[in-house]
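Okay, thanks for squeezing me in this morning. Let me put the model up, and then I'll walk you through it.

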Amino acid sequence: MHGALSNGLPGLGTSGNRIVSLATGEAVFLRGVNRSGLEYAGPDEQGFLSGASLSRSEIEVITRTWRANILRLPFNQDFVLRGRTGRSGEEYQQALDQVISWASSFGAYTLLDLQWLDADRIYGGDRNFVAPLPNLDSIELWTTLARRYNDEPAVLYDLFNEPHDRLDDDPFPLNKEDGTTHPPNQRKVTMKEWQPWARRLTAAIRAEIPAALIFIAGTNWAYDLRGMPMDLENVVYSTHVYANKGDNWPEAFGNLSQTIPVFVGEFGGHDTPSDLDFGRRLTQYMQQLNLGWAAWSWSDQPYLVSRYAATAFGDLVRRQLISE
């Protein structure tokens, strides 16, 4: 793309526990929202963006009105590689191109988040489409996207959404990075199972973009970063923080943020007193540690907006964005 999608945004790297601009060396604090939809919405007659009700005007509100400088964009691996319902993988990739270009034109980076492997396989629970670990197609996926965006500094890479233990009714064995599977009765996903995948997917991206800024999630649905860091350069460690995880934030991710770059890739809540209290405490904690973050979600529960207006939790997020 030769930078055409990035609209002049500088490349980012890491220094100590901070994300920095490669142009100036100054710290860059990335704060924004998740815009979900492309991971599950098939195309309508106008294509993938229309199918996900995703438009330029919406991105403009997120970036200019809410002042987000990062858009975390969950996507579907199978759609990238094979397309969906008569639309090709190239058409889906063009939809990603468009969102990246819209966001960067308003000064925001796009964090590509491998959220779903496909829209067909259910990993137990109440229609849980989030796999515990990647599969071999994930290597092809990141090679494909890294090759496509190798000259696009506005694009950042979130390797895999939420490594987690297999649910009790998940019928599929855990995938190993060598193409085999773990024993059928194994359900735990620890750093031992996840980090070899993280290394292999990082290597796939770095083969195309040696300086790519890569985000690596923790275990326990991305919450727990204990066992990090890895001996990899230019890496940010991503935690997902929700009220049901408890309050052991220092142990799970906060203490690590003193020495390595930590980003809160997801947090969110409903308009209840307990969730709003959680949101206030967490945003204060993140501000205290100077953490970057992306709130969940602009377009899915728990909603940040409803009927074009901020929810109570969304207003908490919006006020935090505007004040920073």
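Quick word on labels before anything else: when I say helix or strand, I mean a DSSP run, at least four residues for a helix and at least two for a strand, numbered from the N terminus. And keep in mind that this is a predicted model.

So, the overall picture. We've got nine helices and twelve strands. The radius of gyration comes out at 18 Å, close to the 20 Å that the globule rule gives for 324 residues, so the protein is as compact as a globular protein of that length. If you line it up on its principal axes, the C-alpha atoms fill a box of roughly 50 × 45 × 40 Å. Of the 324 residues, 57% count as buried. And take the contacts between residues at least 6 apart in sequence: 72% of those join residues at least 24 apart.

Let's look at one helix, H8, residues 273-289. Does the length work out, and why would we expect what we see? Well, there are 17 residues in H8, and at 1.5 Å a residue they should span 24 Å; the end C-alpha atoms are 24 Å apart, so that agrees. Which residues of H8 are buried? Here's the list: Asp275, Leu276, Phe278, Gly279, Leu282, Thr283, Tyr285, Met286 and Leu289. If you're wondering about the spacing, remember that an α-helix has 3.6 residues a turn, so residues three or four places apart point the same way. As for what covers the buried residues of H8, that includes strands E2 (18-21), E8 (235-241), E9 (262-267) and E10 (292-295), plus helices H7 (249-254) and H9 (312-323). Then, just after H8, Asn290 takes a positive phi of about 60 degrees.

Hang on to Asn290, since it turns up again in the next bit, the empty space. There is one cavity of 30 Å³ or more, and the largest cavity holds about 130 Å³. It has 13 lining residues, and the closest to the centre are Asn17, Ile19, Val262, Asn290 and Gly292. E2 and E9 are the elements that give two or more residues to that lining. By class, the cavity lining splits into nine nonpolar, three polar and one charged.

Now the pockets. The largest one has a volume of about 700 Å³. There are 25 residues lining it, with Glu162, Tyr242, Glu266, Trp296 and Gln301 closest to the centre. The lining of this largest pocket is quite a mix: nine nonpolar, nine polar and seven charged.

The second largest pocket has about 370 Å³. What lies nearest its centre? Of 15 lining residues, it's Glu58, Trp298, Val305, Arg307 and Tyr308. Helix H2 (56-65), strand E11 (305-306) and strand E12 (309-310) each put at least two residues into that lining. Here the classes come to nine nonpolar, three polar and three charged.

Some of those pocket residues have backbone quirks, so let's zoom in. Trp296, from the largest pocket, is joined to Ser297 by a cis peptide bond, with omega near -15 degrees. Gln301, also from the largest pocket, has a cis bond to Pro302, and there omega is about -10 degrees. Ser297 is in the loop between E10 and E11, and Pro302 is in the loop between E10 and E11 too.

Tyr308, from the second largest pocket, has a positive phi of about 70 degrees although it is not a glycine. Tyr308 sits in the loop between E11 and E12. Is Tyr308 buried or exposed? Exposed, at 88% relative accessibility; the cut-off for that is over 50%. Another non-glycine with a positive phi is Asn7, near 50 degrees. Asn7 lies in the segment before strand E1 (12-15) and counts as partly exposed, at 41%.

Last stop, Gly269, in the loop between E9 and H8. Gly269 has a relative accessible area of 4%, so it falls under the 20% cut-off and counts as buried. What does Gly269 touch? Leaving out residues up to four places away in sequence, it touches Asp275, Pro302, Tyr303 and Phe313. Asp275 is one of the buried residues of H8, and Pro302 is the one after that cis bond. Also, the C-alpha atoms of Gly269 and Leu304 are separated by 8.5 Å, though they're 35 residues apart along the chain.

That's my tour, so over to you.

How values were computed:
Residues numbered from 1 in each chain as written. Predicted model: local features only at pLDDT ≥ 70, side-chain atom pairs only at ≥ 80, totals over all residues. Heavy atoms only, no water. Expected span 1.5 Å × (residues − 1). Buried < 20%, exposed > 50% of the residue type's maximum accessible area, 1.4 Å probe, protein only. Contact = heavy atoms within 4.5 Å. 1 Å grid on protein atoms, 1.4 Å probe; cavity = no way out; pocket = protein on both sides within 12 Å on 5 of 7 lines; lining within 4 Å. Points joined across faces, edges and corners; volume = space filled by probe spheres on them. Nonpolar A, V, L, I, M, F, W, Y, C, P; charged D, E, K, R; others polar. Rg over C-alpha atoms; globule rule 2.2 N^0.38 Å.
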